[in-house]
Amino acid sequence: FFDAVTTHQAQLAVYDATGRKLITKNLQSGEHFARVDLSQLTSGKYYICYSEKGRLKQSESVVVTK
């Protein structure tokens, strides 16, 4: 999903459809894989966003079904 090979501050965040940030995970420099627990979220569409130094680099939508 992402390639945090730089030394910049990197972060994964999960947002709901209204744009409210629900989950934040700070990433270590060089980290190539991260797990984010979505089990507490209700069914619906969410957006996982990867940013470096506060700038959005990539986003993906996911659908949680229960």
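Of the 66 residues in the chain, 29% are buried, in a model that is predicted. The accessible surface of the chain amounts to about 4,600 Å², and carbon and sulfur atoms account for 48% of that area. Among the contacts with a separation of 6 or more, 48% join residues that lie 24 or more positions apart.

The chain contains four strands and zero helices, so that its elements, read from the N terminus, follow the order β-β-β-β. In soluble globular proteins, nonpolar side chains tend to be buried together. Here the largest nonpolar core consists of eleven residues, namely A10, L12, V14, I23, L27, A34, L41, Y46, I48, Y50 and V64. The strands in the table below each supply at least two residues of this core.

| Strand | Residues |
|---|---|
| Strand 1 | 10-15 |
| Strand 2 | 21-27 |
| Strand 3 | 44-52 |

One polar residue deserves separate treatment. D16 sits in the loop between strand 1 and strand 2, and it counts as buried because its relative accessible area is 11%, where the cut-off for that class is under 20%. The side chain of D16 forms a polar contact with the side chain of T18, at 2.7 Å. When neighbours within four places in sequence are left aside, D16 is in contact with L22, K45, Y46 and Y47; of these, Y46 is also listed in the largest nonpolar core.

Definitions and conventions: Residues numbered from 1 in each chain as written. Predicted model: local features only at pLDDT ≥ 70, side-chain atom pairs only at ≥ 80, totals over all residues. Heavy atoms only, no water. Buried < 20%, exposed > 50% of the residue type's maximum accessible area, 1.4 Å probe, protein only. Contact = heavy atoms within 4.5 Å. Areas by Shrake-Rupley, 256 points an atom, 1.4 Å probe, with all protein chains shown as cover. Core = buried A, V, L, I, M, F, W, Y, C linked by side-chain atoms within 4.5 Å. Polar contact = N/O pair within 3.5 Å; in protein donor to acceptor, adjacent residues only side chain to side chain.
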